[in-house]
Amino acid sequence: MSKVIEQKMEDLKDQNSMLIERKMLSFEKTIEEKFDKLLSNEVFKAPDWSQVRDKKENNEKTKRETNVIIHRLPESGKETAKERAEDDLLFFNRMTTEVLGLGNIGAVKAIRLGAKTGNDEGNQNAEGNQKRSRPLKIVLPTKEKRDLLFRNTRSRTRGDGESSMIKIMFGNTDVMTNKRPEIKMRVDASQPTIFSLMEAKPKKTGFELDAADINLDQYESFHSPLLNEPNERGTIVYVKKGVGLKTRMLNTKSYLRDVVFLEIDTGEREKLVFGSVYRHWNASEEEHKALEDIFQEINMASNHIVITGDFNFPKN
């Protein structure tokens with residue numbers, strides 16, 4: 001009997017050993033299959049560095065699609081980088097709103113490219129020479145905003161690539177009749193859209209300017225109402241013909257002597273007010289008050305104002 005029991009126990013032992021061995025083999029096979037599957041997965045493959053590089057370049061290109069670079073814009077003299085960046089953003093927002101008429105297009109960030117040089121403040125170096133401003137990068141929220149800005153800028157450029165924005169020149173001629181060749185040479189070289197001349201007449205009384213003295217080819221002229229009155233020096237503003245500007249002279253008080261104010265329709269949503277003022281050294285308080293009044297009036301009437309002049313105010 002004991003032998004029979006021993007034999008059965010041996011048989012059971014062998015059966016269990018075989019069963020365990022089969023399970024172990026099955027487990028090993030399962031592990032190998034899963035490991036092979038993991039090895040075939042993309043995670044475990046060696047990276048394709050050309051694809052990695054292309055992806056990085058595409059990401060950088062996408063980021064650049066919202067950037068705008070502005071050159072030769074003077075830098076703020078504020079003390080901290082944060083304050084200077086705020087000034088740059090303020091300028092950009094004013095440009096898009098007041099000059100381009102786009103409103104605030106939501107500039108995200110303003111960054112000056114390159115290291116800031118020198119410890120001196122403002123836009124001049126220690127020797128008093130003009131410093132070269134670093135390029136300004138403006139980051140916009142979307143590519144669509146950047147495209148809107150570019151489209152608007154290009155719409156202000158003629159087919160020959162030259163900017164159609166208004167160019168302004170002014171100067172004190174101290175008698176224009178003997179400087180006409182120089183005036184013409186400067187105008188031909190600069191091709192201003194608008195330019196003004198002050199002290200067109202000499203100081204001596206009785207001198208008068210006629211149309212031949214005043215007129216310049218390709219320009220419409222507007223002069224101060226009292227041009228040929230004694231003791232008046234004469235202020236003349238010229239507006240280029242054939243560039244789509246509609247101009248009318250604004251009325252000013254009669255005792256404003258050598259003063260010209262124009263309202264110029266440029267085709268934009270708001271008109272430009274251009275003023276040219278020659279203030280006599282002995283101007284009266286009445287004239288001062290009249291100038292102050294007209295400055296306030298045009299400031300309320302338009303966001304686009306240019307005033308040139310020789311004001312002769314005392315230094316003290």
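# A tour of two sheets, a helix end and a cavity

Among contacts in the protein (heavy atoms within 4.5 Å) between residues at least 6 apart in sequence, 64% join residues at least 24 apart. The model is predicted, so local features need pLDDT of at least 70 and side-chain atom pairs count only at pLDDT 80 or more, while totals for chains, interfaces and linings use all residues. Residues are numbered from 1 along each chain as its sequence is written, and side-chain values use heavy atoms, with hydrogens and water left out.

**Whole chain.** Start with a cartoon view: the protein has 7 helices and 11 strands. These are DSSP runs numbered from the N terminus, helices being H or I with at least four residues and strands E with at least two. Colour by accessibility next; of the 316 residues in the protein, 29% are buried. Buried means under 20% relative accessible area, exposed over 50%, and partly exposed in between, with a 1.4 Å probe and protein chains only.

**The three-stranded sheet.** Select β1 (67-70), β2 (109-112) and β3 (136-139). These 3 strands form an open sheet in the order β1-β3-β2, with antiparallel pairing; two strands pair if DSSP finds at least two bridges between them. β1 and β2 are the edge strands, each with a single partner, so one side of each has no neighbour in the sheet. From one strand to the next the twist averages 20°, where axes are lines fitted to C-alpha atoms, for helices over the stretch in contact, and angles run from 0 to 180 degrees between N-to-C directions.

Zoom in on β2 and β3, which run antiparallel and are joined by 4 bridges. Arg112 in β2 stands opposite Leu136 in β3. Now show the side chains of β2. Which residues point to one face and are buried? They are Ala110 and Arg112, while Lys109 and Ile111 point to the other face and are not buried.

**The end of α3.** Step back along the chain to helix α3 (residues 81-99) and pick Thr97. Thr97 is partly exposed, with a relative accessible area of 39%. Not counting residues up to four places away in sequence, Thr97 touches Leu102, Gly103 and Asn104.

Select Asn104, in the loop between α3 and β2. Is Asn104 buried or exposed? Asn104 counts as exposed because its relative accessibility is 54%. With neighbours within four places in sequence left aside, Asn104 is in contact with Asn93, Thr96 and Thr97. For a distance label, use the C-alpha atoms of Asn104 and Phe92: they are separated by 8.9 Å, and the two residues are 12 apart along the chain.

**The four-stranded sheet.** Go on to β4, β5, β7 and β6, 4 strands that form an open sheet in that order with mixed pairing. The edge strands are β4 (168-172) and β6 (219-223), each of which pairs on one side only. Here the twist averages 15° from one strand to the next.

β6 pairs with β7 (residues 235-240) in the antiparallel sense over 5 bridges. Label Glu220 and Val239: Glu220 stands opposite Val239 in β7.

Glu232 is in the loop between β6 and β7. Glu232 counts as buried because its relative accessibility is 8%. Beyond its neighbours within four places in sequence, Glu232 is in contact with Lys201, Leu226, Leu227, Arg257, Asp258 and His280.

**The cavity.** How many cavities of 30 Å³ or more does the structure hold? It holds 1. On a 1 Å grid over the protein atoms alone, a cavity is a set of points where a 1.4 Å probe fits but cannot get out, and lining residues have an atom within 4 Å of a point. The largest cavity has a volume of about 60 Å³, a volume being the space filled by probe spheres set on the points, which are joined across faces, edges and corners.

To see its lining, select Leu256, Arg257, Asp258, Val259, Val277, Tyr278, Arg279, His280, Ala283, Glu287, His288 and Leu291. The elements giving two or more residues to this lining are β9 (258-265), β10 (272-278) and α7 (285-301). The largest share, 3 residues, comes from α7.

Colour the lining by class to finish: it has 6 nonpolar, 2 polar and 4 charged residues. Ala, Val, Leu, Ile, Met, Phe, Trp, Tyr, Cys and Pro count as nonpolar, Asp, Glu, Lys and Arg as charged, and the others, Gly among them, as polar.

Note on methods:
1 Å grid on protein atoms, 1.4 Å probe; cavity = no way out; pocket = protein on both sides within 12 Å on 5 of 7 lines; lining within 4 Å.
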